[in-house]
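These are notes for a colleague opening this structure for the initial reading. They take up the disulfides and then a few strands and their pairings.

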Amino acid sequence: MKAAHGRLIGATLALASLLCAAHPYRAMTQEAGSPPPSGFCSTAAPAFTKPLSAPHWNGWGADPAQHRFQSAAMAQLAAGDVPRLKLKWVFGFPGANRSYAQPTVIGGRIFVGSQSGKVYALDARRGCIYWERDAGAPVRSAITIGQGSAGWVAYFGDLHANVHAVDALTGKPLWTIRVEDHPFAVITGAPTLAGTTLFVPVSSHEEAAGANPHYACCSFRGSIVALNALTGKLLWKSYTIAQEPKPGTINAAGIRRMGPSGAAIWSSPAFDAAKGMVYATTGDNYSDPTTDTSDAILAFDAASGKLAWSRQVTAGDAFNLACVVRSAARPGSNCPAVKGPDLDFGSSAILVSLPNGRRALIAGQKSGMVTAVDPDRRGAILWQKRVGRGGPLGGVQWGSAVDDRKIYVAVSDTKFRIVPAGTPGAQRLPFNPRLARLLDSRAGGGLHALRLDTGEEVWRTPHPGCHDVPGCGPAQSAAVTAIPGIVFSGGLDGHLRAYAAEDGRIVWDVDTKGEYRTVNGIVAHGGSIDGPGAVVAGGMLYVDSGSGAWGGTPGNVLLAYSVDGR
């Protein structure tokens, strides 16, 4: 039975890598290899003295409120200098064909995971390796750095639902704990550290497993887990769905369905020190019945894990990949009765202070709607603004950025055209080998600036266009990053662009696709930018290129840019 279940998981993940209608499931990797000796630093690492006082970007959003904004003092990159950014160095991830883990910059080092399971500490100025550590599973989460009992510690999750703590200076393992036993559980969002408590979001790939009519869909429930950061001890675990899944109807293949399920947490939680709350956004349900905590913003008491309140934005949304591949050739579909519409929250909620003195939690959704709620009035809706048409690959995917007046929102709205297999740039459909899908070069993309207090649109800049390049799509699904006067947004076309925060003018545009000779001595490639956004610290900009998901171009590089002469 174990072998059969292992084959089911492997087949499910392979299918998901081609079909995924919502999220970046694990892809197959090449044989992982160690970098040549030339890839390692020839000099000692800089001292790790008061690293949080020096320029840094820690974790997913740069702060526990998930602002994705870097101050002038930390960025050390003026808006007027951005057009002069040039490529400084390139690091290639061995044994990987996707680059999907956002780097953390702190203490003169870059900490970053990889699809091959290796975690690296690199020199932030040169890209050489101080240490590498094999986590045993792909690492997609950003890494969070904090001070432990005997030094600085790097915390991260992997795609086997393990949370790791390693010594930030040496990579030595300190502790590892698996926070969810479900076989399809994963951690994609970065842990959020508050004091000595680590808040970990838990998601899963079970949405893909439902495509198999012989799978009892579905039994996973999203959760948030609180750990003692010093020891890894479990403090509490709260599920996003209170009810345990129970047996339901039998599908045409004779398999009894399960439910409720889903409401995964894909993104990094936001921490509210003033209220002692942790906020998380959830995805859809995977099976019937639907629940009132899917597609929602949830507030948990940080001390006890008790659900304080929830605000559902889209009700009655249940979806799994059976809704995509169902056909006469695949009896016993596990597709829920409502058949979607698959409108997860994939991005973190951002906790902000408004000009009027009140506060808001703001999050974008795959529906194309941006929603602001009041965290001090049990999630009462303050405003909503539509920025995209939405859909399974539409709307807002991985996150927005804020400054003191505006929120900057990128739109995906990816669309595919079905074409004959073998069409340049197209990906074959696994359930019909004669057909393939090609990114629609005319659909999706754009960056919006909205007022924090009202949601009113300040400006909107459409994607410049793909100019009929085969396999190019204009979707901007990667997370957005802001510094004073500038907003960075990457896209499936492989371009990273800088926009003037005042009016949305594009002031810098670089194509990251193509082959690179890397500082660690391997030939690597850039591709689409999806998932993690750019990171700015100490006058440098870093970005992953090669997400390779949903029709995008694969790759395996981390690119570093700086102004000429630095």
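Two strands are said to pair if DSSP finds at least two bridges between them. The model discussed here is predicted.

1. Pairing around β4. In β5, the residue bridged to A121 is W131. On the β3 side, A121 stands opposite F111. A121 of β4 thus appears in both pairings, with F111 in one and W131 in the other. Strand β3 (residues 109-113) and β4 run antiparallel and are joined by five bridges. The pairing of β4 with β5 is also in the antiparallel sense, over five bridges.

2. Turns on either side of β4. The hairpin of β3 and β4 has four residues between the strands, and G117 there takes a positive phi near 100 degrees. In the hairpin of β4 and β5 there are five residues between the strands, and G127 has a positive phi near 85 degrees.

3. Burial of β4. How many of the six residues of β4 are buried? The count is six of six, so the strand is mostly covered by the criterion of under 20% relative accessible area. Both faces are covered. K118, Y120 and L122 lie on one side, V119, A121 and D123 lie on the other, and all are buried. The reader may wish to look at K118 and D123 here, as both are on this list of buried residues.

4. The disulfide next to this region. C41 and C128 form a disulfide, with 2.1 Å between their sulfur atoms. This pair links distant parts of the chain, 87 residues apart. C41 sits in the loop between α1 (2-19) and α2 (72-75), while C128 sits in the loop between β4 (118-123) and β5 (129-134). The link is right-handed, with 95 degrees about the S-S bond. Both C41 and C128 are buried.

5. Disulfides in the whole structure. How many disulfides does a search of the whole structure find? The search finds four. With bonded cysteines counted along the chain, the pattern is 1-2, 3-4, 5-6, 7-8. Besides the link of C41 and C128, two others are described in the next points.

6. C217 and C218. These cysteines are joined by a disulfide, S to S 2.0 Å. Why is the disulfide of C217 and C218 left-handed? The torsion about its S-S bond is about -80 degrees, so the link is left-handed. C217 and C218 are both buried.

7. C466 and C472. A disulfide joins this pair as well, S to S 2.1 Å. Its torsion about the S-S bond is about -65 degrees, so this disulfide is left-handed. C466 has a relative accessible area of 4% and is buried. C472 is buried too, with a relative accessible area of 10%.

8. The sheet β21 to β24. Four strands form an open sheet in the order β21-β22-β23-β24, with antiparallel pairing. β21 (350-353) and β24 (380-386) each have a single partner strand and stand at the edges, so one side of each is left without a neighbour in the sheet. On average, neighbouring strands of this sheet are turned by 25 degrees against each other, direction ignored. Inside the sheet order, strand β22 (residues 359-364) and strand β23 (residues 369-374) are antiparallel and joined by four bridges. One position to check is L361, which stands opposite V373 in β23.

9. Strand β39 and its partners. Is β39 (residues 540-547) mostly covered or mostly exposed? Eight of its eight residues are buried, and the strand is mostly covered. Strand β38 (residues 535-537) runs antiparallel to β39 and is joined to it by three bridges. In that pairing, A537 stands opposite M540 of β39. β39 also pairs with strand β40 (residues 554-563) in the antiparallel sense, over seven bridges. Here Y542 stands opposite A560 in β40.

10. Turns on either side of β39. The hairpin formed by β38 and β39 has two residues between the strands, and G538 in the turn has a positive phi of about 60 degrees. β39 and β40 form a hairpin with six residues between them. In that turn, G548 has a positive phi of about 70 degrees.

Note on methods
Residues are numbered from 1 along each chain as its sequence is written. This is a predicted model: local features need pLDDT of at least 70, side-chain atom pairs count only at pLDDT 80 or more; totals for chains, interfaces and linings use all residues. Side-chain values use heavy atoms; hydrogens and water are left out. A disulfide is a pair of cysteine sulfur atoms within 2.5 Å. Buried means under 20% relative accessible area, exposed over 50%, partly exposed in between (1.4 Å probe, protein chains only). Axes are lines fitted to C-alpha atoms, for helices over the stretch in contact, and angles run from 0 to 180 degrees between N-to-C directions.
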